[in-house]
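Here is a short tour of the structure for anyone who would like to find their way around it. Have a look at the sequence and the model, then read on.

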Amino acid sequence: MLTGAGKVAGVVGWPIAHSLSPLLHGYWLDALKIDGALVPLAIPREDFARVIGGLQGAGFRGVNVTVPHKEAAFALAHFCDAAATAAGAANLLVFHADGRIEGRNTDTVGLTEAVRERMGSLQGRTIMLLGAGGAARAAVLALDGLGAAKVHLLNRQADKAVMLARSLQPAVRCEIMPGGLEDWDKVAPGADFLINATSAGMKGNPPLGLDLAQLAGGATVLDIVYNPLETELLKQAKARGLATIDGLGMLMHQAVPSFEAFFAVKPEVTAGLRACLERALQHA
Ligand code: NAP
């Protein structure tokens, strides 16, 4: 049961102007002819808890949560799903009628669906995953769920990869092998699938600068960065003739459970939605 007479939800972050959530949810609201709204709200860190209380009181159904509030959202929630608990971070808060706030993390399901629709199962595969932040944590859980055998977890600061591997290994079946980006040459030739889960290559950030010539010809490259949609990494992978997956699939799929929680209908990820987001990104 959800609170509130109106069908209104929010997305909170600082800054928030770049968020594609209002467009994405707005597309589904139009397509499904639901008279509702998802409102972008720029909330500084120090105001987060107070604003969440205010939105709950005003009848909002919940909020999507983005940088820098995901850990605060996890701490504020009265109860959390397994993914948010594993991540220590929530990207979705659902306001329930009894006043309790539920924290969820939909990044794992988003990446799982994005990979499944392009590659199916990852049974027995060896993956090279770059990064050791929130997105990489969600990615390890997604890869494990898809049956990956081995995940080489490489991060600029190798000690963070070691810590992440240590915290996740007891919860997963795949073997996590942590290291630094300097291990690239050693690991790349044996990887079936490369995933960038760092913020390198994002608009305003330098690209990773890795030599993709080391990857096997049958490897697939996924970049979870979606702005720009075609990152330097994906350009290089295409130039080598490798299969590529951009970050929009994950973005669209991670929004499905939040739309369903807010508006009580499960929306579909369609080519029309992708085209709408691609157009917006061309002008971002
Ligand atoms: P985060 O927790 O801040 O982690 C950032 C990671 O990027 C760290 O591992 C960091 O390495 C690494 N990094 C940053 N700059 C780097 C550089 N120049 N070279 C190499 N590594 C670098 O961020 P996050 O939440 O995991 O998000 C990471 C990216 O995923 C962001 O671009 C975000 O937009 C994207 N994302 C996309 C989706 C989607 O739906 N497609 C969903 C979630 C996140 P150090 O630890 O060494 O600093």
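What is the strand order in the open sheet of six strands with mixed pairing? In this predicted model, the order is β2-β1-β3-β5-β6-β4. The edge positions belong to β2 (37-42) and β4 (79-80), and each has a single partner strand, so one side of each is left without a neighbour in the sheet.

Inside this mixed sheet, strand β3 (residues 62-65) pairs with strand β5 (residues 92-95) in the antiparallel sense, over three bridges. If you would like a residue pair to look for, Asn64 has Leu92 in β5 as its bridge partner.

Two helices are worth finding next. Helix α1 (residues 21-31) lies across β1 (8-13), β2 and β3, and runs at about 170° to β2. Helix α10 packs on the sheet as well, touching β1, β2, β3, β5 and β6 (101-104), and its direction makes about 15° with that of β5.

Now for the other sheet. An open sheet of six strands with parallel pairing has the order β9-β8-β7-β10-β11-β12. Here β9 (175-180) and β12 (243-245) stand at the edges; each has a single partner strand, so one side of each is left without a neighbour in the sheet. From one strand to the next, the twist averages 20°.

Strands β7 (residues 126-130) and β8 (residues 150-155) run parallel and are joined by five bridges. Along this pair, Ile127 stands opposite Val151 in β8. Helix α9 (residues 232-239) packs on the sheet, where it touches β10 (193-196), β11 (220-223) and β12; the helix direction makes about 165° with that of β11.

Finally, the ligand. Which residues come nearest to the ligand? Of the 24 residues around it, they are Ala135, Asn155, Arg156, Met202 and Ile224. Three polar contacts to the ligand are set out here:

| Residue | Protein atom | Ligand atom | Distance |
|---|---|---|---|
| Ala135 | backbone N or O | oxygen | 2.8 Å |
| Arg156 | polar side-chain atom | oxygen | 2.8 Å |
| Ile224 | polar backbone atom | nitrogen | 2.9 Å |

On its own, the ligand has 940 Å² of accessible area, and the protein covers 78% of that. The shell residues around the ligand divide into 13 nonpolar, eight polar and three charged. Helices α6 (134-145) and α10 (248-263) each supply at least two residues of this shell. Helix α10 is thus one to look at twice, as it also packs on the sheet and touches β5.

Notes:
Residues are numbered from 1 along each chain as its sequence is written. This is a predicted model: local features need pLDDT of at least 70, side-chain atom pairs count only at pLDDT 80 or more; totals for chains, interfaces and linings use all residues. Side-chain values use heavy atoms; hydrogens and water are left out. A residue is near a molecule or strand if one of its heavy atoms lies within 4 Å of it. A polar contact is a pair of N or O atoms within 3.5 Å; within protein, one must be able to donate a hydrogen and the other to accept it, and residues adjacent in sequence count only if both atoms are side-chain atoms. Accessible areas come from the Shrake-Rupley method with a 1.4 Å probe; for residues, only the protein chains shown count as cover. Helices (H or I, at least four residues) and strands (E, at least two) are DSSP runs, numbered from the N terminus. Ala, Val, Leu, Ile, Met, Phe, Trp, Tyr, Cys and Pro count as nonpolar, Asp, Glu, Lys and Arg as charged, and the others, Gly among them, as polar. Two strands pair if DSSP finds at least two bridges between them. Axes are lines fitted to C-alpha atoms, for helices over the stretch in contact, and angles run from 0 to 180 degrees between N-to-C directions. Contact means heavy atoms within 4.5 Å.
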